[in-house]
Amino acid sequence: MINFNVPPYTGNEERYMMEAVRAHKICGDGQFTKKCNQWIEEKTGTAKALLTTSCTHATEMAALLADIQPGNEVIMPSYTFVSTADAFVLRGATVVFVDIRPDTMNIDEQLIEAAVTEKTRAIVPVHYAGVPCEMNKIMEIAEKYHLCVIEDAAQGVMSSYYGMALGTIGDYGCFSFHETKNYSMGEGGCLLIKDPVQAERAEIIREKGTNRSKFFRGQIDKYTWVDKGSSYLPSDLNAAYLWAQLEYAEDIYDDRMHNWNLYKEQLQPLADKGIIDLPFIPEGCVHNAHMFYIKAKDLAERSALISWLKEHGISAVFHYIPLHSSPAGQKFGRFCGEDVYTTRESERLLRLPMYYGLKESDVVQVCDCVKAFYETSR
Ligand SMILES: *Cc1c(COP(=O)(O)O)cnc(C)c1O
């Protein structure tokens, strides 16, 4: 059986977690949380990085920091994970969905401006598969209408757009370290903050609305309740697991990229014949091999291919059901313009096995199996 995903593991995880246990510091902001924050700050160049309990929570924090209010509108693609929308719905906002580009599955930057109204407060680009959105255009619109930009970079750790790390281009960036992502701590995430003033407020929101972080740094002699907030701080045990991954960040990146390129090379002949479509990486974009997907002709062909692969011991999966077609999406959001690509392309997309340590021979086997499907069904 070739699994779709296996959580990343580099070998030092247990040792670091035991170090946290022996240091009698297993709550948040211990040595490993600090190491991870610092590593992310150095690697991405963001002013501030704060580890969180999830990317969902990082996005909720961004919605609080951006002061999203009931009645505000937030623009995003419908082709995304629920958390992208839910973080803003929790603040009473209405979600405005915009169609995606078929080549990258990212929000179509050319359609955003038409979705801006007097109520619009933020744009939330999602970097699908770790492939960057057209951030220059998005930032230009945000500047013109004074909108906040919150990047859902859950899948975009180690990707960049014209040299800028994903998550550092907008006002806020949200990473995920869920076990299905390139780097993991089981459940976890990180909020990247551009403005140092907002960084201080973020520390307060993450610490239940208290200025406890300042207290721990010795900047004040007692801590108190100063703002709204919640508990968005992960345990140092989880951070210890993540640290073992970040230490090997380059190895994980290279390993995934090697397999991604192998998939591309093996399946290119099918794409050249017009039988399937493959991912596209726009100019100026460096991706992180988070995902390798192919696109079948339509929903029926994709379903048949999933079954075929399963019969041959290969687990391949589809992805998001567009949010605007879900009950909550209809209740809390609306689609602006026409859904030309969101539904159609989401129904064609199939994700192939991809994880750190996936064997080269397994990639070849998956590709052979895909090729055999098209040979027998033709
Ligand atoms: C994984 C993911 C999330 C949620 O991440 P969690 O850390 O599980 O909260 C949000 N958005 C996108 C695009 C994701 O892929």
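A cavity here is a set of grid points where a 1.4 Å probe fits but cannot get out. Keep that in mind for the second half of the tour, and remember that you're looking at a predicted model.

Start with the ligand. Select everything around it and you'll pick up 14 residues, with T56, D152, Q155, S176 and K181 being the closest. Colour that shell by class and you get five nonpolar, seven polar and two charged residues. Now show the pockets: the ligand sits in the largest one.

Next, zoom in on the polar contacts. Pick D152, where an N or O atom of the side chain is 2.8 Å from a nitrogen atom of the ligand. Then go to Y320, which places a polar side-chain atom 3.3 Å from a ligand oxygen. For G188, turn the backbone on, since you're after a backbone N or O atom, 3.5 Å from an oxygen atom of the ligand. Switch to a surface view and see how much of the ligand is hidden: on its own it has 380 Å² of accessible area, and the protein covers 92% of that.

Now leave the ligand and hunt for enclosed space. Searching the whole structure turns up one cavity of 30 Å³ or more, and the largest cavity has a volume of about 30 Å³. To find it, select E200, E203, I204, T210, N211, R212, S213 and K214, which line it. Show the cartoon as well: α6 (196-206) and α7 (212-216) are the elements that each give two or more residues to this lining. Colour the lining by class to finish, and you'll see one nonpolar, three polar and four charged residues.

Notes
Residues are numbered from 1 along each chain as its sequence is written. This is a predicted model: local features need pLDDT of at least 70, side-chain atom pairs count only at pLDDT 80 or more; totals for chains, interfaces and linings use all residues. Side-chain values use heavy atoms; hydrogens and water are left out. A residue is near a molecule or strand if one of its heavy atoms lies within 4 Å of it. A polar contact is a pair of N or O atoms within 3.5 Å; within protein, one must be able to donate a hydrogen and the other to accept it, and residues adjacent in sequence count only if both atoms are side-chain atoms. Accessible areas come from the Shrake-Rupley method with a 1.4 Å probe; for residues, only the protein chains shown count as cover. On a 1 Å grid over the protein atoms alone, a cavity is a set of points where a 1.4 Å probe fits but cannot get out, and a pocket is an open set with protein on both sides within 12 Å along at least five of seven lines; lining residues have an atom within 4 Å of a point. A molecule sits in a cavity or pocket if more than half of its atoms lie within 2 Å of its grid points. Ala, Val, Leu, Ile, Met, Phe, Trp, Tyr, Cys and Pro count as nonpolar, Asp, Glu, Lys and Arg as charged, and the others, Gly among them, as polar. Grid points are joined across faces, edges and corners, and a volume is the space filled by probe spheres set on the points. Helices (H or I, at least four residues) and strands (E, at least two) are DSSP runs, numbered from the N terminus.
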